[in-house]
Amino acid sequence: MTMSEFDKLAENYSRCYGKNQLRFGSKPVLIVIDCVKAYHDPTSPLYAPERFDEALKSILRLIEKCRAVGIPVVYTSVIYETPQSGGKCDCTILCGYSTSGCVRATALDSMQYGYSPFVVKDACGDRHASVNDSNLFDMQAKFAEVLPEQEMMKLIDGIKKQ
């Protein structure tokens, strides 16, 4: 069996980065990034329904789930305390637009501030599938956990009530 280009890339990244899996915390916060009407308005140059409509459905399910179990939901611009200073969250759940820009930047910032970033791939969108997928791949390889919506829902269900 021959390896696909993607398999070769994944194997190379695994050798280079050797990333361990991040621990999902017990006090996450959901960060919804740049979910604005322009991505869903046919008159907007940002309109790309094939990329954003499915992501929006996943985002709405995440918001509903997080609110149901008391996980804070914040939108794009938020300043939060670091875990080291006794902050109110210990990891971030990330979703929104665009994967290659603001989602990626927020994931990197989360990691740099001491939070474990969890990116919900079904709830992210970018203008082109290849850009979206390559950024998700790169974040997973280097500094975030990238997982499907269903896996995130299970993690949320597993948080111990305090």
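## A walk through the model, from I71 outwards

Select I71 to begin: skipping neighbours within four places in sequence, I71 is in contact (heavy atoms within 4.5 Å) with P28, V29, L30, C66, I156 and I159. I71 is in the loop between α2 and β2 (73-75); helices here (H or I, at least four residues) and strands (E, at least two) are DSSP runs, numbered from the N terminus. With a relative accessible area of 7%, I71 is buried; buried means under 20% relative accessible area, exposed over 50%, and partly exposed in between (1.4 Å probe, protein chains only). Now pick I93 as well: I71 and I93 are 22 residues apart in sequence, and C-alpha to C-alpha they are 9.9 Å apart in space.

Some housekeeping before moving on. This is a predicted model, in which local features need pLDDT of at least 70 and side-chain atom pairs count only at pLDDT 80 or more, while totals for chains, interfaces and linings use all residues. Residues are numbered from 1 along each chain as its sequence is written, and side-chain values use heavy atoms, with hydrogens and water left out.

**Zoom out: the whole chain**

Switch to cartoon and follow the chain from the N terminus: the elements run α-β-α-β-β-α-β-α-β-α. That comes to 5 helices and 5 strands. Of the 162 residues, 41% count as buried. Among contacts with a separation of 6 or more, 82% are between residues 24 or more positions apart.

**The largest core**

Next, select F24, L30, L62, I93 and M152. These have the most contacts inside the largest nonpolar core, which has 25 residues. Such a core is a set of buried Ala, Val, Leu, Ile, Met, Phe, Trp, Tyr and Cys residues joined through side-chain atoms within 4.5 Å. Colour β1 (28-33), α2 (49-68), β3 (91-97), β4 (116-125) and α5 (149-157), since each supplies at least two residues of this core. Which element gives the most to this core? That is α2, with 6 residues.

For a second, separate core, try L94, V103, Y115 and V146, which are among its 16 residues.

Back to F24, which is in the loop between α1 (5-17) and β1. Its relative accessibility is 13%, so F24 counts as buried. Leaving out neighbours within four places in sequence, show its partners: C91, I93, F118, M152, L155, I156 and I159. Put a distance label on L155: F24 and L155 are 131 residues apart in sequence, yet 7.3 Å apart in space, C-alpha to C-alpha.

**Two helices side by side**

Hide everything but α2 and α5. They pack at an angle of about 5°, with their axes 11 Å apart; axes are lines fitted to C-alpha atoms, for helices over the stretch in contact, and angles run from 0 to 180 degrees between N-to-C directions. The two helices are therefore roughly parallel to each other (under 35 degrees counts as roughly parallel, over 145 as roughly antiparallel, 65 to 115 as roughly perpendicular and the rest as oblique).

Bring up the side chains where they meet: S58, R61, L62, K65 and C66 from α2, and E149, M152, M153, I156 and D157 from α5. By class, this contact has 5 nonpolar, 1 polar and 4 charged residues. Ala, Val, Leu, Ile, Met, Phe, Trp, Tyr, Cys and Pro count as nonpolar, Asp, Glu, Lys and Arg as charged, and the others, Gly among them, as polar.

**A cis bond and what follows**

Go to Y97 and S98, which are joined by a cis peptide bond with omega of about -25°. S98 is in the loop between β3 and α3 (99-112).

T99 lies in helix α3. Buried or exposed? T99 is buried, with a relative accessible area of 0%. Not counting residues up to four places away in sequence, T99 touches R104, C124, G125, D126, N132, N135, L136 and M139.

**Last stop: the cysteines**

How many disulfides are there? The count comes to 0, where a disulfide is a pair of cysteine sulfur atoms within 2.5 Å. Select C35: the nearest cysteine sulfur belongs to C95, 5.9 Å away. C35 is partly exposed, with a relative accessible area of 32%. Then take C124, for which the nearest cysteine sulfur is also that of C95, 6.7 Å away. C124 counts as buried, at 4% relative accessibility.
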